[in-house]
Amino acid sequence: MALKDRKLLAPLTLVVVGAIALLGYASQAETSSAQRRADSRGVPGAEARAPDGDQPGKVREGTAYTPRRTQQNARVGALFQKDDTGDHFCTASVVASPGRNMLITAAHCAYGSTGKPRADLVFAPAYRAGKAPAGLWHVSKAVADDRWARNGDQDLDVAFLLLDSNDGRRIQDVLGGNTLGIDRGFRHTVKVTGYPNNRDTPISCRNRSTRFSATQMRIHCTNFAGGTSGSPWVTEPTPNARTGTVIGVLGGYERGGDDDDVSYAAYFGKDIARLYRRALSGD
């Protein structure tokens, strides 16, 4: 099986689409808060979706399905290099911050093999079928732990990305952001959403995360192939908050794992809290 981050990159021209066109996703922004398949039916359970799009209906725990377009799901997007006409190779999501312009992903998505940040990263939230309805957002800075940059420490496979504004808007003002959860424990029912590089639509899966080691979590979710590195592991939002808490991102052990049906995430402890504070200094 391929590692989760395997994909070639191809740069082309930038096209920016107005963020307000995102089917009303911008109406209520929160402050706290394997080969290519023909279509979504290639994912088991894709047809079993409840009307609100956030509950997969008859889909069993651990089985991937195609999520509907909702504001919560729109906070997750595909990472490209230069623009969205090439191949997407990783996943990222909006995390709440005072500057309202921050993403979280896996460090191996944001940094190349030399330990230096990748150039010209572009985030396409809610990307589907070749379209970026929330616009394209340029990454101005990537922040990862220096120990990961030096030796690829799998327990530090987390990065925060700072975005430029898009047409005067900040991404959290448009889409809201999930809260960062530190030291929340290993066992949670989480929703994982990501962009396999053999599809042009996202997949989601719900299951219970477990402890793999003192510093790593594991989850069984089908079809999380290459391109899903950086996918957020989000606990359910409370009815009033309307936002979830991200307690991990797909990565860590074996850069997310070499089995498409079993994935990993570095545990968010004091090192990730320190990294977040460092990212805030440039936020």
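The protein chain folds into five helices and 14 strands, and the model you are looking at is a predicted one. Of its 283 residues, 57% count as buried. The accessible surface of the chain comes to about 11,700 Å², with 48% of that belonging to carbon and sulfur atoms. Below is a short tour of strand pairing, salt bridges and one charged surface patch.

**The open five-stranded sheet**

- Five strands make up an open sheet in the order β7-β13-β12-β8-β9, and the pairing in this sheet is mixed.
- The edges are taken by β7 (179-180) and β9 (203-208); each has a single partner strand, so one side of each is left without a neighbour in the sheet.
- At the β7 end, β7 pairs with β13 in the parallel sense, over two bridges.
- To find this pairing in the viewer, start from Leu180, whose bridge partner in β13 is Val246.

**The β4, β5 and β6 pairings**

- As a general reminder, strands of a sheet pair through backbone hydrogen bonds, either parallel or antiparallel.
- Strand β4 (residues 121-125) runs antiparallel to strand β5 (residues 137-144), and two bridges join them.
- A handy landmark here is Val122, which stands opposite His138 in β5.
- Strand β5 is also joined to strand β6 (residues 159-163), again antiparallel, by five bridges.
- For the β5 and β6 pairing, look at Val139, whose bridge partner in β6 is Leu163.

**A salt bridge between distant parts of the chain**

- Eight salt bridges turn up in a search of the whole structure.
- In one of them, the side chains of Asp120 and Lys82 meet at 3.3 Å, N to O.
- This pair links distant parts of the chain, 38 residues apart: Asp120 sits in the loop between α2 (107-110) and β4, while Lys82 sits in the loop between β1 (76-81) and β2 (90-94).
- Asp120 counts as partly exposed because its relative accessibility is 44%, and Lys82 is likewise partly exposed, at 33%.

**A salt-bridge network**

- Asp145, Arg147, Asp271 and Arg274 are linked in a network of salt bridges.
- Within it, the side chains of Asp145 and Arg147 meet at 2.9 Å, N to O.
- Asp145 has 11% relative accessibility and therefore counts as buried, whereas its partner Arg147 is partly exposed at 32%.
- Asp271 forms a salt bridge with Arg274, and the closest N and O atoms of this pair are 2.8 Å apart.
- Both Asp271 and Arg274 belong to helix α5 (residues 270-280), where they lie three residues apart, about one turn of the helix.
- Asp271 is partly exposed, with a relative accessibility of 24%, and so is Arg274, with 42%.

**A negative surface patch**

- Glu254, Asp258, Asp259 and Asp261 form a negative patch on the surface.
- One of these residues, Asp258, is placed in the loop between β13 (245-249) and β14 (262-266).
- Patch members need over 30% relative accessible area and no salt bridge; Asp258 has a relative accessible area of 36%, which makes this residue partly exposed.
- The loop that holds Asp258 follows β13, which is also a member of the open sheet described above.

Key: Residues are numbered from 1 along each chain as its sequence is written. This is a predicted model: local features need pLDDT of at least 70, side-chain atom pairs count only at pLDDT 80 or more; totals for chains, interfaces and linings use all residues. Side-chain values use heavy atoms; hydrogens and water are left out. Patches are made of residues with over 30% relative accessible area and no salt bridge: like charges are joined within 9 Å, nonpolar side chains (Val, Leu, Ile, Met, Phe, Trp, Tyr) within 5 Å. Accessible areas come from the Shrake-Rupley method with a 1.4 Å probe; for residues, only the protein chains shown count as cover. A salt bridge is a side-chain nitrogen of Lys or Arg within 4 Å of a carboxyl oxygen of Asp or Glu. Lys and Arg count as positive and Asp and Glu as negative; His and the chain ends are not counted. The place of a charge is taken as NZ of Lys, CZ of Arg, CG of Asp or CD of Glu. Helices (H or I, at least four residues) and strands (E, at least two) are DSSP runs, numbered from the N terminus. Buried means under 20% relative accessible area, exposed over 50%, partly exposed in between (1.4 Å probe, protein chains only). Two strands pair if DSSP finds at least two bridges between them.
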